[in-house]
Amino acid sequence: MKKFILFACLAITTAILTSCNDVETFAEKRDKENAAIAKFISGDTTTIASKLFAKPIHVISEIDFENAGCKTDTASNEFVLFEQSGVYMQIVREGCGEKLESGQTATILCRFDEYNILTDSLQLSNNNIYFQHIPDKMTVTNMYGTFTGMFDNKSSIMAAAYQSTSVPGGWLIPLRYIKLGRQSKPDEEIAKVRVIVPSAQGHSYASANTYPCYYEITYQRGQ
């Protein structure tokens, strides 16, 4: 496991170094990031988005999202854009159980795939044989609608890869709209979302190097 995490860290570092130019200004990096997100959303055939989705992403507003009962239509590949954060989200499955209410703290187990949109590549994942029995674990608190979270540094490849236990803001936004539970019946499913996370809402490496990520994440309430 340690060897795999080390390999992942080296791969991430290499990808970052090859995608960043030291002479670029921050504004230029942001422009490049925004262009990469726009290209990803368009379903451009030169991007990995064309392999992930059957059709281009259809962006809807927060008002349309609320009018639809805080749901997104996966058939038309809808993603809601949260203007304040710049995060795009699609709810694939709302999940079973209950939402995390204000004042509550919960342990959450996550499976995820992380794609670097700038390098157009799968960058990190715990959906593989190495981590079959080790989902990323985080502790999340909802305080009056503001969610904060910390990864368990003993059971999180996100924490190991990026040397930080802080949960990215882009991972927390979906918690306002999904339910957290554990599958106890055949017809129940845990929550699953897809999110496009700009660097400002991403992990420490993404923020420091100004690159956006696309995630597919499942959320399950821990014991």
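A residue counts as partly exposed when its relative accessible area lies between the buried limit, under 20%, and the exposed limit, over 50%. Lysine 71, with a relative accessible area of 46%, is therefore partly exposed. The model discussed here is predicted.

**Salt bridges**

Five salt bridges are found in the whole structure. Three of them are listed below, with the distance between N and O atoms.

| Basic residue | Acidic residue | N to O distance |
|---|---|---|
| Lysine 32 | Glutamate 24 | 2.7 Å |
| Lysine 71 | Glutamate 94 | 3.8 Å |
| Arginine 194 | Glutamate 216 | 3.6 Å |

Lysine 71 forms its salt bridge with glutamate 94. The loop between α4 (62–67) and β2 (78–82) holds lysine 71, and the loop between β3 (87–93) and β4 holds glutamate 94, so this pair ties together parts that are 23 residues apart in sequence. Glutamate 94 is partly exposed, at 29% relative accessibility.

Glutamate 216 and arginine 194 form a salt bridge through their side chains. Because glutamate 216 lies in strand β9 (residues 213–221) and arginine 194 in strand β8 (residues 191–197), the pair ties together parts 22 residues apart in sequence. Both glutamate 216 and arginine 194 are buried. A network of salt bridges links these two residues with Lys192.

In the pair of lysine 32 and glutamate 24, lysine 32 has a relative accessible area of 33% and is partly exposed. Glutamate 24 has a relative accessible area of 18% and so is buried.

**Strand β6 and its partners**

In a regular strand, side chains alternate between the two faces of the sheet. Strand β6 (residues 136–143) has a covered face made up of Asp136, Met138, Val140 and Asn142. Its uncovered face carries Lys137, Thr139, Thr141 and Met143.

Strand β6 runs antiparallel to β4 (residues 105–116), and six bridges join the two. Within this pairing, isoleucine 108 has methionine 138 of β6 as its bridge partner. Another six bridges join β6 to strand β7 (residues 146–151), also antiparallel. Methionine 143 is opposite threonine 146 in β7. Two residues lie between the strands in the hairpin of β6 and β7, where tyrosine 144 adopts a positive phi near 55°.

Two residues of the covered face can be followed further. Valine 140 has a relative accessible area of 0% and is therefore buried. Beyond its neighbours within four places in sequence, valine 140 has contacts that include Leu100, Ile108, Phe147, Leu172 and Leu175. Between the C-alpha atoms of valine 140 and proline 168, which are 28 residues apart along the chain, the separation is 12 Å.

Asparagine 142 is also buried, at 5% relative accessibility. Its side chain reaches the backbone oxygen of leucine 100 at 2.8 Å. The asparagine 142 side chain also reaches the backbone nitrogen of glycine 145 at 2.8 Å. Among the residues that asparagine 142 touches, not counting those up to four places away in sequence, are Glu101, Ser102, Gly103 and Phe147.

**Nonpolar cores**

Nonpolar side chains tend to be buried together in soluble globular proteins. The largest nonpolar core in this model has 41 residues, and Met138, Trp171, Leu175, Tyr215, Ile217 and Tyr219 have the most contacts inside it. Helix α5 (residues 157–162) gives the most to this core, with five residues. A second, separate core has 15 residues, including Ala49, Ile57, Leu81 and Tyr115.

Leaving aside residues up to four places away in sequence, tryptophan 171 touches Cys110, Phe112, Met138, Phe151, Met158, Tyr215, Ile217 and Tyr219.

Methods. Residues are numbered from 1 along each chain as its sequence is written. This is a predicted model: local features need pLDDT of at least 70, side-chain atom pairs count only at pLDDT 80 or more; totals for chains, interfaces and linings use all residues. Side-chain values use heavy atoms; hydrogens and water are left out. Buried means under 20% relative accessible area, exposed over 50%, partly exposed in between (1.4 Å probe, protein chains only). Helices (H or I, at least four residues) and strands (E, at least two) are DSSP runs, numbered from the N terminus. Two strands pair if DSSP finds at least two bridges between them. Contact means heavy atoms within 4.5 Å. A polar contact is a pair of N or O atoms within 3.5 Å; within protein, one must be able to donate a hydrogen and the other to accept it, and residues adjacent in sequence count only if both atoms are side-chain atoms. A nonpolar core is a set of buried Ala, Val, Leu, Ile, Met, Phe, Trp, Tyr and Cys residues joined through side-chain atoms within 4.5 Å. A salt bridge is a side-chain nitrogen of Lys or Arg within 4 Å of a carboxyl oxygen of Asp or Glu.
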